[in-house]
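Me: Could you take a close look at one metal site in this model for me? I would like to know which residues hold the metal and how they sit in the fold.

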Amino acid sequence: MKVITVKCLEDNFSYIVLNEKNNNACVIDPGEPKPIIDRIRREKVNLRYILNTHHHGDHVGGNLELKKKFKCKIFGFIKDKDKIPGIDVFIKHKELYHNDDFEFITYHTPGHTKGHVIFHFHKQNLLFTGDTLFSLGCGRIFEGSYDQMFKSLELIKNFSKDTLIYFGHEYTLQNSKFCNYYDSNNEKLKEKILEITEKLKKNISTTPTNLKDELDCNIFLKCKDLNSFSKLRELKDNF
Ligand code: ZN
Ligand code: FE
């Protein structure tokens, strides 16, 4: 299994997950069609499935064109079935889905949107977090509540520490400034900032991260209660 990161739009990440045995692939959150189509052609993969973490345009923008071109099946959360363009398969919280190509469990993580989900490819321990968890940050609360987002992050914190986390936007550098401002004595954070700065200098994306780094460095995962999380999220919105 191989993950190919494809940059879309301004700062979105789409991911092609490839079964190397037969070159069948799924794409997670195709923000727009063209970069995905180019990459699919270049790598000569068969696009079979689209998985959407949530209904925002920058995550589903490629759905219909890709479906038309490659006849792939679109997976989305059952409660977002009216919002996800071209949806074919309605998935539920904690549902295990498997076929000959892939196996993953979906978790409902409301907060950014009411129907946001994340996908865990548990055999490889890869977690696709969309706009729920970013490296050194978390998604803005648009449709859901602070309470929901806090609980969604708690759910993610319970995965094993070596989980690789593939997130939805390249916000890491900006996020790091906020973490550093409010957690200025965190040595691990300083190391992580050096690491991401080096990557960005070489034009390498900061995705994926891993859960251990995020538990050590991501200030939103350090909040002990809902109240402090809500305050911190508000501070970030105005940072
Ligand atoms: Zn979004
Ligand atoms: Fe987004």
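Reply: Happy to! Keep in mind that this is a predicted model. The iron ion (ligand 2) has four protein donors, Asp58 (OD), His59 (NE2), Asp131 (OD) and His169 (NE2), at 2.1 to 2.4 Å from the metal. Along the sequence, these donor residues follow the spacing D-H-x71-D-x37-H. The angles among the four donor atoms run from 82 to 172 degrees, and the site is irregular. It is irregular because four donors count as tetrahedral only if all angles lie between 85 and 135 degrees, and as square planar only if opposite donors are over 155 degrees apart and all others between 65 and 115.

Aspartate 131 has a second role here: this residue bridges the iron ion (ligand 2) and the zinc ion (ligand 1), with 3.1 Å between the two metals. As for the histidines, histidine 59 belongs to helix 2 (residues 57-60), while histidine 169 sits in the loop between strand 13 (164-167) and helix 5 (172-182), so the two tie together parts that are 110 residues apart in sequence. Histidine 59 and histidine 169 are both buried.

Now for the sheet that includes strand 13. Its six strands run in the order 7-8-9-10-13-14, forming an open sheet with mixed pairing. Strand 7 (96-98) and strand 14 (209-210) are at the edges with a single partner strand each, so one side of each has no neighbour in the sheet. Further in, strand 9 (residues 117-121) pairs with strand 10 (residues 126-130) in the antiparallel sense over three bridges. Within strand 10, leucine 127 is the bridge partner of histidine 120.

Technical notes. Residues numbered from 1 in each chain as written. Chains lettered and ligands numbered in written order. Predicted model: local features only at pLDDT ≥ 70, side-chain atom pairs only at ≥ 80, totals over all residues. Heavy atoms only, no water. Pairing = 2+ DSSP bridges. Helix = DSSP H or I, 4+ residues; strand = E, 2+ residues; numbered from the N terminus. Donors = N, O, S within 2.8 Å, 3.2 Å for Na, K, Ca; no water. Tetrahedral: all angles 85-135°; square planar, octahedral: opposite > 155°, others 65-115°. Buried < 20%, exposed > 50% of the residue type's maximum accessible area, 1.4 Å probe, protein only.
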